[in-house]
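Open the model in a viewer and keep the selection panel at hand. The stops below can be followed in order.

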Amino acid sequence: MTSGRATADVAIVGCGPVGALLANLLGQAGIAVEVYDRERDVYPLPRAVHFDGEVMRIFQMARLVDEIAAFARASSKGMHFVNAEGRTLMIRRGIEGPGPHGWAGNWYFHQPLLEQVLREGLGRFPNVRIHLGHEVGSVDELGARFVVGCDGARSLVRQAIGSRRVDLGLHQPWLVVDLLCDLGRPRVQALPDHTIQLCDPERPMTVVNVGGERRRWEIMLMPGDDPERLAEPAIFWPMMARWLGPEDARLERAAVYTFHSVVQQGWRKGRLLLAGDACHQTPPFLGQGMCAGMRDAANLAWKLAAVIKDGAGESVLDTYESERLPHAQTFIELAVRLGGVLQETDHAAAAARDRRFAAGVEMFDFPQPQLGPGLRLDAPPPVGTIFPQPRLTDGRLMDEAIGRRFAVVGDHSLLEDLRADAVLLPDVGLDWLKRHGVRAAILRPDRYVFGVAQDRTELAAGLAAAKLA
Ligand SMILES: Cc1cc2nc3c(=O)[nH]c(=O)nc-3n(C[C@H](O)[C@H](O)[C@H](O)COP(=O)(O)OP(=O)(O)OC[C@H]3O[C@@H](n4cnc5c(N)ncnc54)[C@H](O)[C@@H]3O)c2cc1C
C-alpha cells in the first residue's frame with residue numbers, strides 16, 4: 001500500500017470500470033493520476049453484460065479495442081419483449097454490420113474480463129499509479145488537485161459533495177444467474193441469439209447470450225420469495241425449466257440485487273467530482289448503466305485535460321453535470337418505462353398491456369439524446385448529439401485521423417483556406433450533414449457536436465465560440 005497523500009493532478013477513488021477507463025483516458029493525456037480501490041481484485045459477481053457501439057468507440061479512444069474485441073461478442077441482434085404466450089410486444093432493434101460509430105452496435109461481455117483489461121491498460125502510463133487494497137476513508141487524505149469519485153453506488157466522494165438524490169421510481173430485487181452451458185446440448189443450441197425480456201406476470205425474466213458458453217438469466221423476485229434461498233440451484237433451476245435444466249449447464253455465480261433508478265444532483269463541488277454509479281443508477285433493462293458511466297468518463301476526461309494541460313478555466317468542469325445528467329436521465333427513464341412493461345405481475349393489468357400491443361410490435365432504438373446545456377452552441381439537435389464515425393477514403397476510422405482534439409467536418413468549399421486550431425476533414429460526414437440540412441459541423445474531442453454551420457460566416461462564429469479561431 002502506498003501513502004494516499006499525493007501530488008497528482010487527479011486522484012480517482014474506485015477502480016471499477018468507470019474509474020479504470022477515466023484513468024486510461026487521463027493517462028493518455030499525460031496527466032498525473034493516482035487511482036485507489038479498496039479491493040485487490042476486480043468485482044467477481046455478475047453485473048454488466050452489454051455495452052453499445054458508442055462505448056466501443058470510447059474504448060477505441062483509449063486504444064483498447066483489440067484487447068476488448070478479443071473477448072466481447074459483437075451482435076447484430078436486438079432485445080425482444082415477449083409475453084407469457086410467446087407473442088412479441090416490443091423490440092429494441094439490432095444493428096446490421098458496423099453501426100454509426102464504426103463498430104457493431106451491441107457487444108456482450110463478462111464484466112470482470114473488461115475490468116481486467118482496463119486495469120492492465122494503465123500499465124502503459126508511467127504517469128498513472130494504481131493503489132489496490134487501499135480504502136479511501138476521507139477525501140482529505142487525497143492531496144491531488146482534483147478528486148473524482150468513481151466509487152460506485154455508495155460513494156464516499158458523493159457524501160463529501162452532499163449531492164441531492166432524485167428518485168426516478170423503480171426499486172426492485174432480482175436474482176442474477178450466470179451459467180456456463182454445454183454447447184453440445186440441443187436445448188443450449190436452441191437458445192436465441194437475441195436478448196429475451198419475458199413479460200410473464202407469473203415470473204418476469206431476462207435471458208441473455210453473453211457469448212461463448214456463458215448465458216445470463218435475470219429472475220424477478222416475487223412476493224413470498226426468500227432472497228437468501230433463491231440463489232440456491234434447487235430453487236432457481238425449476239424457474240428456468242422452459243429453456244434449460246441442470247444437465248445442460250453449470251452455475252458460474254448467482255446473486256440477488258435490488259435494481260434502482262436514481263440520479264444525483266451535484267456532481268462537482270470545488271475539486272471533487274463524481275462519475276458512474278456514484279451519480280446515477282439505472283435498472284439494467286437497457287444494458288446501459290455502465291455505458292452511462294463510460295460516457296461520463298469520456299466527457300470528463302477531455303475537460304480535465306483542458307483545465308490541467310491547456311489552462312482552461314475550472315468553470316469548464318461545471319458543464320460536465322449540466323451536459324451529462326439529462327443525457328443519463330433519458331436512458332434511465334426509458335429503462336424505467338421498459339421495467340413497467342416487463343415487471344407487471346398483476347394478471348389483469350398484464351392482459352391489458354398485451355392488448356395495447358395487439359396492433360403490432362413496437363420497435364424502438366437506444367435514445368440518442370442531446371447533451372444538456374454546456375460546452376456547445378445553444379441550438380437544437382444535432383448540436384449536442386454524438387457525431388457518427390465514418391470510415392475515411394484512406395480506410396481509417398474518422399477518430400483515428402482526429403485524435404483527442406476538436407475537428408471540423410464538412411463540405412470542402414467551406415473548409416478551404418480555413419484557419420482553425422482544429423483538425424479539418426473536408427467532405428467527411430456528408431450524409432449526416434445532408435440529413436441535418438447543414439454544411440459543416442464542429443466536433444469536440446469526445447465527438448459530440450459543438451455546433452453546425454450553413455455557411456462560412458456561421459462556421460467562423462462557431463469556431464470563435466469554441467475558441468478555435
Ligand atoms: C445485474 C446487473 C446487470 C447489469 N447489466 C449492465 C449491462 O448490461 N450494461 C451496462 O452498461 N451496465 C450494467 N449494469 C451496471 C454496471 O454494472 C454498473 O453501472 C457499473 O459496474 C458501475 O461502474 P462504476 O465503476 O461506476 O462503479 P463500480 O463498478 O461499483 O466500482 C466502484 C469501485 O469503487 C471501489 N470503492 C468504493 N468505495 C471506495 C473507497 N472508499 N476507497 C477505495 N475504493 C472504493 C469499489 O471497490 C469498486 O471497485 C448492471 C448491473 C447489475 C447489478
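**Around the ligand**

Of the residues in the shell around the ligand, 18 are nonpolar, 10 polar and 7 charged; here Ala, Val, Leu, Ile, Met, Phe, Trp, Tyr, Cys and Pro count as nonpolar, Asp, Glu, Lys and Arg as charged, and the others, Gly among them, as polar. The model is predicted: local features need pLDDT of at least 70, side-chain atom pairs count only at pLDDT 80 or more, and totals for chains, interfaces and linings use all residues. Residue numbers start from 1 along each chain as its sequence is written.

Select the ligand and the 35 residues that surround it, each with its C-beta atom, placed from the backbone, within 6 Å of the ligand. The closest are G14, G16, G152, G276 and G289. Helix 1, strand 2, strand 3 (50-52) and helix 9 (289-310) are the elements that give two or more residues to this shell. Helices (H or I, at least four residues) and strands (E, at least two) are DSSP runs, numbered from the N terminus. Which element gives the most to the shell? Helix 9 does, with 4 residues.

**The six-stranded sheet**

Next, show the open sheet of 6 strands, whose order is 8-2-1-9-16-15 with mixed pairing. Two strands pair if DSSP finds at least two bridges between them. Strand 8 (128-132) and strand 15 (268-269) are the edge strands, and each pairs on one side only. Zoom in on strand 1 (residues 10-13) and strand 9 (residues 146-149), which run parallel and are joined by 4 bridges. Here V13 stands opposite G149 of strand 9.

**Helix 1 and helix 4**

Add helix 1, which lies across strand 1, strand 2 (33-37), strand 8 and strand 9 and runs at about 170 degrees to strand 2. Axes are lines fitted to C-alpha atoms, for helices over the stretch in contact, and angles run from 0 to 180 degrees between N-to-C directions.

Now select helix 1 (residues 17-28) with helix 4 (residues 111-121): their axes come within 9 Å and cross at roughly 30 degrees. That angle makes the two helices roughly parallel (under 35 degrees; over 145 is roughly antiparallel, 65 to 115 roughly perpendicular and the rest oblique). The crossing of helix 1 and helix 4 is left-handed, meaning that the near helix is turned anticlockwise from the far one by less than a right angle. P17, A20, L21 and N24 of helix 1 meet L114, E115, L118, R119 and G121 of helix 4, where a contact is two C-beta atoms, placed from the backbone, within 7 Å. The residues of this contact are 5 nonpolar, 2 polar and 2 charged.

**Helix 2 and helix 9**

Return to helix 9 and add helix 2 (residues 53-61). The axes of helix 2 and helix 9 come within 10 Å and cross at roughly 40 degrees, and the two helices are therefore oblique to each other. Their crossing is left-handed. V55, I58 and M61 in helix 2 meet C291, M294 and A298 in helix 9; the contact has 6 nonpolar residues, no polar and no charged.

**The four-stranded sheet**

Last, select the open sheet of 4 strands in the order 20-19-21-22, again with mixed pairing. Strand 20 (423-426) and strand 22 (449-453) are at the edges with a single partner strand each, so one side of each has no neighbour in the sheet. The twist from one strand to the next averages 15 degrees. Strand 21 (residues 440-443) pairs with strand 22 in the antiparallel sense over 4 bridges, and L443 has V449 as its bridge partner in strand 22. Helix 15 (residues 456-465) lies across strand 21 and strand 22, at about 160 degrees to strand 22.
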